[in-house]
Amino acid sequence: MADDAAAHSDVLNGTAQTQLKSIVERVERLEQEKSEIAEQIKEVFAEAKGNGFDVKVLRKIVRIRKQDRAKRMEEEAILDLYLSALGEV
């Protein structure tokens, strides 16, 4: 096993190994930050729920606000058309 590692380390020169290690460590750090941010978002939604807000609706609002306005309006028009065609409106 140690011989395999030594053989494989010869494939990459020292600079490439250093770059690879740096990339992996940066991704790991970003993954950790992403996890921490997800936890913070969860806490904000819990706070909102505690204040009587509907979290499901809040999530939908956040999703809608991310969309391009023209694209959102087009999707809403199509949704209205389909619902109307089904007799739901």
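Reader: What share of the 89 residues of the protein chain counts as buried?

Author: In this predicted model, 4% of the 89 residues count as buried. To be called buried, a residue must have under 20% relative accessible area. The accessible surface of the chain comes to about 8,300 Å², and 57% of that surface belongs to carbon and sulfur atoms.

Reader: What makes up the protein chain in terms of helices and strands?

Author: The chain has 4 helices and 0 strands. From the N terminus on, the order is α-α-α-α.

Reader: Which residues line the largest pocket, and which elements supply at least two residues each?

Author: The lining consists of Lys60, Arg63, Ile64, Gln67, Arg72, Glu75, Glu76 and Leu79. Both α3 (55-66) and α4 (69-85) supply at least two of them, and α4 has the largest share, with 4 residues. The space in this pocket is about 180 Å³.

Reader: Why do 5 residues of that lining count as charged?

Author: Asp, Glu, Lys and Arg count as charged, and the lining includes Lys60, Arg63, Arg72, Glu75 and Glu76, so these residues fall in the charged class. The rest of the lining divides into 2 nonpolar and 1 polar. Ile and Leu count as nonpolar, so Ile64 and Leu79 belong there.

Reader: What makes Arg59 a charge over the ring of Phe45?

Author: Arg59 lies over the face of Phe45, at 4.1 Å from the ring centre. The cut-off is within 6 Å of the ring centre and within 35 degrees of the ring normal, so the distance of 4.1 Å meets the first condition.

Reader: How many aromatic pairs does the structure hold?

Author: The structure holds 0 aromatic pairs. A pair would need ring centres within 6.5 Å.

Key
Residues are numbered from 1 along each chain as its sequence is written. This is a predicted model: local features need pLDDT of at least 70, side-chain atom pairs count only at pLDDT 80 or more; totals for chains, interfaces and linings use all residues. Side-chain values use heavy atoms; hydrogens and water are left out. Buried means under 20% relative accessible area, exposed over 50%, partly exposed in between (1.4 Å probe, protein chains only). Accessible areas come from the Shrake-Rupley method with a 1.4 Å probe; for residues, only the protein chains shown count as cover. On a 1 Å grid over the protein atoms alone, a cavity is a set of points where a 1.4 Å probe fits but cannot get out, and a pocket is an open set with protein on both sides within 12 Å along at least five of seven lines; lining residues have an atom within 4 Å of a point. Grid points are joined across faces, edges and corners, and a volume is the space filled by probe spheres set on the points. Rings of Phe, Tyr and Trp (its six-membered ring) pair if their centres lie within 6.5 Å; planes under 30 degrees apart count as stacked, over 60 as edge-to-face and the rest as tilted.
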